[in-house]
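New to this one? Let's go through it by asking why things are called what they are called.

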Amino acid sequence: MKRLTFILVFFIPVQFVFAGGLLTNTNQSAQFIRMMSRNASTEIDAVYFNPAGLIKMEDGWHFAVYSQTIFQDKPVDSKFPLLNDGYYKGEVKVPVFPTAFAVYKMDNWAFSLGFGPNAGGGSATYDTGLPSFEIPITKVVPGLAGLTQINPEMDVSGYSADLSFDGSSVYWGIQLGATYKVNDMLSVYGGLRYLPSRNTYQGTIENIQLKVGDQYYAAPSWLSGASETISGYAAQATAAANMPQTLNPLIVDYGAGDYTLEQLQVNGYIDATQRAGIEGGLQMIGLSQPQIDAMNLTMIHGAYTQASPEFQQKAAQLSSVSQTLAGTANRLGDKEVDTEQTGAGFTPMIGVNISPIENLNIALKYEMKTALELTNNTTVDDMGLFPDKAKSRNDIPAILGAGVGYNAGLVEAQLSYNLYFNKGVNWGLNVRDIAADHDEVRPREIDKNGMEIALGLQFNVSEKFAFSLGGMYGDMGIAENYQSDFSYSNPSVTGGAGIAWKINDALTFDAGFSNTYYQDQTVSFTDPDIGPYKETLGKTTMNFAIGLSYSIF
């Protein structure tokens, strides 16, 4: 029987990103949701999108608070042939995604404060797990196929398991900065963002069962029982291998070589149990009961002597199978993980805003790479994946943002471009390769740096009311070996629309809705035992946002 392997890769840091790069959320205001393009903003949300443009605001205090409600579905359709059902769906729900900004502007200076989930900010639920969780379990069934050669009643034909996983992730961004007006055309910005970060993972693998015949049995107990049974077979084979030495005294010391087994029992040389053991071994050689009944002890001794090497080999094989089944039984018991990862990093930022003519803004912002180290605080780790106090890196790529905005009075337009330096970050190893027990696990790679391009339009219907719409296209430039069911990135198109209502000179209400359409990605995987197969990775996101801006002049 093929040696069974069972490696469960269950909880690898999951990524929750709703608009932006592989780790970064750029959906930081209701204005963004309703326009999708804010890199040249000169309003309160410029604290995040164009901090050098804050100098365009009026002198005084300015505040804004926003909340977004986000729903994301992450379907995975796996064609791995051993799965019971290859369709899985993760659900990400974010009831409250809060962002807040504050600005104090006076003459040539503007000082700003920003707060919001710069990465993560959601929780994901996978009620039926994912292929990476289940594939190792599926391999138990074909790995047990050889048991029918030992005992036809040990026909394992299927499996079932209860898999569940909940994960949450949030990297809070607390941003401080200062903007300085060099002249009427040029302003500059320098700032720093502090990111306290927290990931939590809770999940279980429970009630793994094996289908034997028409019944399902708890895998650990059935495998333990099968191990004991086969251990008994191994003991029988060992006894058969040693049978020539056992029978020697009957022939040499008692001269019973011409006796049949029946005669040996009648004359008291052996009892019924010993006779049954001798006959069982002969049947394992392939002799029929009539042939056994006709053989004398000398013939039986010769048959055992000839078959002894085969019995020795069979005993060793059965012992190995028994030990493997016992080990597999231990690995198929219920598993639980409950861990928290925490850490913090700093992101230095600089920005420039240029206004060559009235109503035209050209903006640049550069966020440097964030070095982020997370430390495990583990309560339960039955699979040894999150050693308590162990550290891991989860760096956030550098970002270059550029924007052009023009206000023509009735219509305002903004064009935005973001470049994510994803090639400058180590993204770790491919989860699927680990789950499939590959000898060589591929690193997750990036083909090219990620990008987003967006266009937003705002139509000023009156002095107090405006509506807007916008669209964005994004592609993070990932290589195929980056993708796994647990963490993947698809090219996307997002449409947004919404309103702005200036309630009075100091108070403005914004509301927006966006829907992101991700291009399904069909990825090829190669399993070392099964061979090549495909998996389709999908995603959809809906976002509802509201916000209030208030100024004290």
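What follows is a short round of questions and answers about a predicted model.

Q: Why is helix 7 called roughly antiparallel to helix 11?
A: Helix 7 (residues 243-252) and helix 11 (residues 297-331) pack at an angle of about 160°. Angles over 145 degrees count as roughly antiparallel, so helix 7 gets that label against helix 11. Their axes are 9 Å apart, and the crossing is left-handed.

Q: Which residues of helix 7 and helix 11 meet?
A: From helix 7 there are Met 243, Pro 244, Leu 247, Asn 248, Leu 250 and Ile 251. They meet Leu 297, Thr 298, Ile 300, His 301, Tyr 304 and Thr 305 of helix 11. By class, this contact has eight nonpolar residues, four polar and no charged.

Q: What makes helix 6 oblique to helix 7?
A: Helix 6 (residues 219-241) packs against helix 7 at about 50°, with the axes 4 Å apart. Roughly parallel needs an angle under 35 degrees, and roughly perpendicular runs from 65 to 115. About 50° fits neither of those, nor over 145, so helix 6 is oblique to helix 7.

Q: Which residues make the contact of helix 6 with helix 7?
A: Helix 6 brings Ala 239, Ala 240 and Ala 241, while helix 7 brings Met 243, Pro 244 and Gln 245. Five of these residues are nonpolar, one is polar and none is charged.

Q: What lines the largest pocket?
A: This pocket holds about 1200 Å³ of space. Of its 43 lining residues, Thr 42, Glu 43, Asn 407, Glu 412 and Lys 502 are the closest to the centre. The lining has 15 nonpolar, 16 polar and 12 charged residues.

Technical notes. Residues are numbered from 1 along each chain as its sequence is written. This is a predicted model: local features need pLDDT of at least 70, side-chain atom pairs count only at pLDDT 80 or more; totals for chains, interfaces and linings use all residues. Side-chain values use heavy atoms; hydrogens and water are left out. Axes are lines fitted to C-alpha atoms, for helices over the stretch in contact, and angles run from 0 to 180 degrees between N-to-C directions. Helices (H or I, at least four residues) and strands (E, at least two) are DSSP runs, numbered from the N terminus. A crossing is left-handed if the near helix is turned anticlockwise from the far one by less than a right angle, and right-handed if clockwise. Contact means heavy atoms within 4.5 Å. Ala, Val, Leu, Ile, Met, Phe, Trp, Tyr, Cys and Pro count as nonpolar, Asp, Glu, Lys and Arg as charged, and the others, Gly among them, as polar. On a 1 Å grid over the protein atoms alone, a cavity is a set of points where a 1.4 Å probe fits but cannot get out, and a pocket is an open set with protein on both sides within 12 Å along at least five of seven lines; lining residues have an atom within 4 Å of a point. Grid points are joined across faces, edges and corners, and a volume is the space filled by probe spheres set on the points.
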